[in-house]
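Colleague: I am new to this structure and should be grateful for a close look at a single part of it. Would you kindly take one place where two elements meet and describe it with some care?

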Amino acid sequence: MWPKGKWREILSAWKQKNRGTLPKDQFPALLRKVLEELNQDNVISSNLKSEFRACSIHPIDRQQVLKRIPVQNSSTSIPDGTGKQWRRSLQEFLSATRTSENTTKTKNCRTGIAAGRSLVEEDFTAIHPAYTVKPRNRPLLNVL
């Protein structure tokens with residue numbers, strides 16, 4: 001049986017005995033049960049051990065780690081001064097975008113309109129002269 005199917009089988013058996021969701025403290029025990037049932041002829045155990053060994057996680061093997069580091073050829077290396085060029089162009093870009101005259105912020109201000117009073121276009125143009133009303137594409141509904 002596939003590991004996913006075995007997990008579903010054990011989880012459904014747990015759900016028949018218990019109510020609710022699986023608590024965190026019981027998850028490792030169920031996972032161990034799945035691995036023990038799937039581990040016939042120590043296949044899973046040997047695969048897991050070989051994977052950890054190949055990744056040099058346990059036991060640590062410095063040669064395995066060093067073997068996985070890519071070697072950099074002198075032909076593919078970055079020429080000197082490229083980092084400075086990138087830094088300079090990034091600084092120019094940021095200074096151009098940050099000091100743009102178009103990005104002036106307007107301070108939020110109170111409208112001075114009494115609470116409960118309806119707002120009309122003139123109220124907004126008095127506060128913000130640059131305010132314009134966008135035309136509507138559909139007619140307004142008359143609601144009585």
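Modeller: The secondary structure of the protein comprises six helices and zero strands. The model is a predicted one. Read from the N terminus, the elements follow the order α-α-α-α-α-α. Of the 144 residues in the protein, 8% are buried. Among contacts with a separation of 6 or more, 24% join residues that are 24 or more positions apart.

The part I propose to examine is the packing of helix α1, residues 3-17, against helix α2, residues 27-38. Their axes lie 10 Å apart and enclose an angle of about 130 degrees. This angle makes α1 oblique to α2, because only an angle over 145 degrees would count as roughly antiparallel, and the range for roughly perpendicular ends at 115. The crossing in which α1 passes α2 is right-handed.

As to the residues involved, α1 contributes P3, K6, W7, I10, L11 and W14 to the contact. From α2 come F27, L30, L31, K33, V34, E37 and L38. Sorted by class, the contact of α1 with α2 holds ten nonpolar residues, three charged residues and no polar ones.

Two of the residues named above, W7 and F27, deserve separate attention. The count of aromatic pairs comes to one, and W7 and F27 form that pair. A pair of aromatic rings is described by the distance of the centres and the angle of the planes. For W7 and F27 the centres are 5.6 Å apart and the planes stand at 70 degrees. The arrangement is therefore edge-to-face, since the planes are over 60 degrees apart. The pair links distant parts of the chain, with W7 in helix α1 and F27 in helix α2, 20 residues apart.

Finally, the accessibility of the two partners may be considered. W7 has a relative accessible area of 21% and is therefore partly exposed, as buried would require a value under 20%. F27, with a relative accessible area of 38%, is likewise partly exposed.

Terms used: Residues are numbered from 1 along each chain as its sequence is written. This is a predicted model: local features need pLDDT of at least 70, side-chain atom pairs count only at pLDDT 80 or more; totals for chains, interfaces and linings use all residues. Side-chain values use heavy atoms; hydrogens and water are left out. Axes are lines fitted to C-alpha atoms, for helices over the stretch in contact, and angles run from 0 to 180 degrees between N-to-C directions. Helices (H or I, at least four residues) and strands (E, at least two) are DSSP runs, numbered from the N terminus. Angles under 35 degrees count as roughly parallel, over 145 as roughly antiparallel, 65 to 115 as roughly perpendicular and the rest as oblique. A crossing is left-handed if the near helix is turned anticlockwise from the far one by less than a right angle, and right-handed if clockwise. Contact means heavy atoms within 4.5 Å. Ala, Val, Leu, Ile, Met, Phe, Trp, Tyr, Cys and Pro count as nonpolar, Asp, Glu, Lys and Arg as charged, and the others, Gly among them, as polar. Rings of Phe, Tyr and Trp (its six-membered ring) pair if their centres lie within 6.5 Å; planes under 30 degrees apart count as stacked, over 60 as edge-to-face and the rest as tilted. Buried means under 20% relative accessible area, exposed over 50%, partly exposed in between (1.4 Å probe, protein chains only).
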